[in-house]
Amino acid sequence: MVGSAAAPAVALLLTLLALALSLHGVGATTVPSAGDHQRPRTALTGAAPLLMSSCTGEVAHVLLSVGGEPFSLIVDTGSSNTEVAASRCSSCSVSPKFAGAVSGTGNFSISFGTGAVTIDQASVQLEIGGLRVKRGSVGVIVEQNTSFGFSVFPPLEDGDCYNSFAGLMGLAYSGQDAGLDGAGGTTNGTTRPLLDQLVEEGMPNAFALEICGVAPTCDAHRKDNSSWWPSSACGSQQVGSLLLGGYSSARIRGPMQFTAITDEVHYDVQLLGVRICGAHGCRQVAFPDDISGRTENDCVCSTADCAPGTVNFCSFTVLDSGADAIYMNSAANARTLLEAMDAAGLVQFPEATSSADRTGFWFNGSAVVGATIAPQAALEFLFAGLSSAEPEVQSAVAPDALFQTSLQGLSQVGLSGNLDLLEQFQKSKFPTLLGGSFFKGKTILFDRSRRRVGFAAVRHDLCRLPAAATDIDQVGADSLPTPGAGCRRGTGSGGGCNRGPWKAHIAQAQRRQRLGFGPLVHAGEAAADMVPHLDAVETAVAFV
């Protein structure tokens with residue numbers, strides 16, 4: 001048993017050792033390319049540490065070795081393409097960039113709201129979690145369209161997030177993975193996501209994200225910009241694990257609860273309801289707009305094809321580790337949930353707290369001195385079960401993922417209350433998006449082979465210690481491909497579809513707050529009285 005004083009230092013050393021084993025080929029299992037005759041062992045599994053980010057709101061980063069060099073990527077279950085910034089991308093404000101050769105067979109673009117990235121492909125050795133693809137394929141960003149101020153990579157003035165990651169690791173389905181369409185344009189399903197490359201050669205078709213909870217308070221900024229290898233003690237701290245092939249039953253508390261993947265585009269699940277508890281008792285929230293959709297076609301639109309500009313709101317739900325918080329599918333639903341949380345007494349306010357301060361707390365992220373989390377506080381999301389014997393399963397959001405304590409007081413950070421922004425989101429085919437605050441304190445299994453998602457609480461005594469591939473004792477049923485559904489009607493379904501600006505909207509909201517522009521919400525307005533502010537949205541998107 002490691003004593004409490006020595007535990008952080010020992011955990012840090014173990015994390016660095018795990019990174020070295022993962023990225024430098026020591027003990028790595030080679031995943032042969034399609035041309036190799038060697039076949040992998042039956043349960044080809046891997047484990048990679050998730051690391052601290054200096055950029056608040058991001059769940060975690062993982063290191064992917066590309067051609068022998070590590071690159072820090074945001075783990076994103078809300079997209080499918082894996083891409084890193086290339087050295088020829090002069091507008092990519094990160095260092096170092098991928099300097100290897102690209103295919104030169106043609107570029108394709110992925111649009112994010114008012115901007116886009118241009119991507120080529122590179123054929124190169126890839127390593128992650130002790131697994132190696134000898135001749136893998138990865139996207140490289142060769143150009144960005146920054147004509148509207150848009151950039152995937154945060155600018156210099158965004159100090160905490162500037163130069164904090166080199167790209168994205170998309171883990172959703174290959175059917176919505178953008179690629180060349182053969183005629184100089186962009187379509188879906190013509191490139192091979194990293195996860196599919198592993199599955200093709202024997203890795204069980206499942207993975208899990210183990211997120212420890214609220215990250216330590218420390219300075220995770222990089223000290224050495226010549227390598228993506230962690231260069232600060234804080235940046236080297238493990239905040240979870242990416243488990244490839246399945247999950248570890250020894251690293252969770254209690255049984256795994258399962259719900260079906262209802263649409264294989266993103267990780268779509270059916271949400272049945274939300275239950276809250278506080279000092280004034282428990283209640284199930286009565287939402288004005290439907291939240292129980294099953295597929296990305298489940299939208300209320302004024303045209304049959306849900307063309308842009310005709311969407312009222314959508315009712316499906318997506319698990320997205322690349323988003324910072326929980327976003328309801330409509331402004332009216334967000335208002336209803338936050339007002340219900342206030343009425344139930346999830347937070348206890350000092351008697352002198354004004355109505356305006358309480359409104360600012362719930363909707364604008366304002367801190368209130370003396371406010372405390374009620375001992376009974378609970379926020380539970382209810383999902384459809386897999387059978388009539390278990391028609392419903394629940395997964396709770398950790399209170400410390402919802403609320404944050406600082407010198408200024410207690411603030412609500414886990415659930416977006418920016419009603420003006422949500423009013424715009426819902427018109428862009430926006431789902432109920434379960435982002436980073438939902439993931440914290442959980443192991444979430446994405447079992448593509450059985451078309452299900454599992455939820456369990458992490459073991460906090462193990463979560464910040466490296467996992468080994470041999471810890472993964474519950475694996476996917478097979479290594480058969482799951483290409484996914486591709487595009488659905490309207491916008492928002494996939495990198496190569498005419499998608500709605502999910503990431504752009506969320507990124508601009510985060511960036512406005514960090515840069516001191518303040519919230520866009522007018523929480524005192526009735527949701528029914530709110531009207532789109534298109535000029536405000538155009539301005540806001542420019543901060544992406």
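This passage describes a buried aspartate, one strand and one helix in a predicted model. Residues are numbered from 1 along each chain as its sequence is written, and side-chain values use heavy atoms, with hydrogens and water left out. Local features need pLDDT of at least 70 and side-chain atom pairs count only at pLDDT 80 or more, whereas totals for chains, interfaces and linings use all residues.

Asp289 lies in the loop between strand 19 (281-284) and strand 20 (299-301); strands (E, at least two residues) and helices (H or I, at least four) are DSSP runs, numbered from the N terminus. Asp289 is buried, that is, under 20% relative accessible area with a 1.4 Å probe, protein chains only. Asp289 has no salt bridge (a side-chain nitrogen of Lys or Arg within 4 Å of a carboxyl oxygen of Asp or Glu). The nearest side chain of opposite charge, Lys427, is 9.7 Å away. The side chains of Asp289 and Ser330 form a polar contact of 2.8 Å (N or O atoms within 3.5 Å, one able to donate a hydrogen and the other to accept it).

Asn333, which Asp289 touches (heavy atoms within 4.5 Å), is among the buried residues of helix 3. The 14 residues of helix 3 (residues 331-344) should span 20 Å at 1.5 Å a residue, and its end C-alpha atoms are 20 Å apart, which agrees. Just after helix 3, Gly345 has a positive phi of about 80°.

Strand 2 (residues 46-51) is largely enclosed by the rest of the structure, because six of its six residues are buried. Strand 2 runs antiparallel to strand 13 (residues 238-244), with six bridges joining them. Leu50 stands opposite Gly240 in strand 13.

Notes: Buried means under 20% relative accessible area, exposed over 50%, partly exposed in between (1.4 Å probe, protein chains only). Lys and Arg count as positive and Asp and Glu as negative; His and the chain ends are not counted. Two strands pair if DSSP finds at least two bridges between them. The expected span of a helix is 1.5 Å times one less than its number of residues. Lists of a residue's contacts leave out its neighbours within four places in sequence.
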